[in-house]
Amino acid sequence: MPEKDLNALFVDTLKDIYYAEKQIYKSLPKMAKAAQSDELRDAFDKHHDETEGHIERLEKVFELVGKPARGKKCDAIEGILEEGKEVMEEYEDTSALDAGLLAAAQAVEHYEISRYGTLKTWADKLGLKDAVKLLDQTLAEEKKTDDTLSKIATTAVNAEAA
Ligand code: FE
Ligand code: FE
């Protein structure tokens, strides 16, 4: 594949995750508000702050490739967040609500991990060293968040739901 094509694909995928991060940024406070356990609410609040940083890092990557920071509607994240909304509505005031919120949030993190992993590999191929660093920093935070959510799931929340 010629470098030019991979470059276009890289920018397209940047737009996809930029859109996704902005939607996630809007959703996390709603998920925090819905969460019953303090631990889960704190995890959502913390990741809300981190997500602001993810958006800023993406804006730096756009700058590095000389493109305006613009999102492109990402149907995948729309669907994942829509499912999270359904859980909040259908399991409101039940003991399974937090388990459902955790599952929805982990689906979001896994989507992000997949995107950032791909972008990092492509940035490396394209010789964009500074972009690799920025994408890797965010990737590490997404993985750490996923780990935290896994721990909360196995300790508190699922026990309560059962
Ligand atoms: Fe993120
Ligand atoms: Fe995330």
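Reader: How far apart are the iron ion (ligand 1) and the iron ion (ligand 2), and which glutamate coordinates both?
Author: This is a predicted model, so keep that in mind. In it the two iron ions, ligand 1 and ligand 2, are 3.3 Å apart. Glutamate 112 coordinates both.

Reader: OK, and what are the protein donors of the iron ion (ligand 1)?
Author: Glu21 is listed twice through OE atoms, and His54 comes in through ND1. Glu112 and Glu142 each give an OE. These donors lie 2.1 to 2.4 Å from the iron ion (ligand 1).

Reader: What spacing do those donors follow along the chain?
Author: For the iron ion (ligand 1) the pattern reads E-x32-H-x57-E-x29-E. The pair glutamate 21 and glutamate 142 links distant parts of the chain, 121 residues apart. Glutamate 21 is in helix 1, while glutamate 142 is in helix 5, residues 129–161.

Reader: Is glutamate 21 buried or exposed? And what about glutamate 142, buried or exposed?
Author: Glutamate 21 has a relative accessible area of 0%, so it counts as buried. Glutamate 142 also comes out at 0%, so that one is buried as well.

Reader: Switching topic: how many cavities of 30 Å³ or more does a search of the whole structure find?
Author: Just one turns up in that search. The volume of the largest cavity is about 40 Å³.

Reader: Which residues line the largest cavity?
Author: The lining is Ile24, Ser27, Leu28, Met31, His47, Leu81, Ala105, Val108 and Glu109. By type, six are nonpolar, two polar and one charged.

Reader: Which helix gives the most to that lining?
Author: Helix 1 does, with four residues. Helix 1 (3–34) and helix 4 (97–125) each supply at least two.

Reader: Leu81 again, then: which residues of helix 3 are buried?
Author: Leu81 is one of them, alongside Ile77, Gly84, Val87 and Met88. They sit on the same side of helix 3, because they cover an arc of only 105° around the axis.

Reader: And which exposed residues does the face turned away from the buried side of helix 3 carry?
Author: That face has Asp75, Glu83, Glu89 and Glu90, which are exposed.

Reader: What span should helix 3 have at 1.5 Å a residue, and how far apart are its end C-alpha atoms?
Author: Helix 3 runs over residues 75–90, so its 16 residues should span 22 Å. The end C-alpha atoms are 22 Å apart, which agrees with that.

Notes: Residues numbered from 1 in each chain as written. Chains lettered and ligands numbered in written order. Predicted model: local features only at pLDDT ≥ 70, side-chain atom pairs only at ≥ 80, totals over all residues. Heavy atoms only, no water. 1 Å grid on protein atoms, 1.4 Å probe; cavity = no way out; pocket = protein on both sides within 12 Å on 5 of 7 lines; lining within 4 Å. Points joined across faces, edges and corners; volume = space filled by probe spheres on them. Nonpolar A, V, L, I, M, F, W, Y, C, P; charged D, E, K, R; others polar. Donors = N, O, S within 2.8 Å, 3.2 Å for Na, K, Ca; no water. Buried < 20%, exposed > 50% of the residue type's maximum accessible area, 1.4 Å probe, protein only. Expected span 1.5 Å × (residues − 1). Arc of directions from axis to C-beta.
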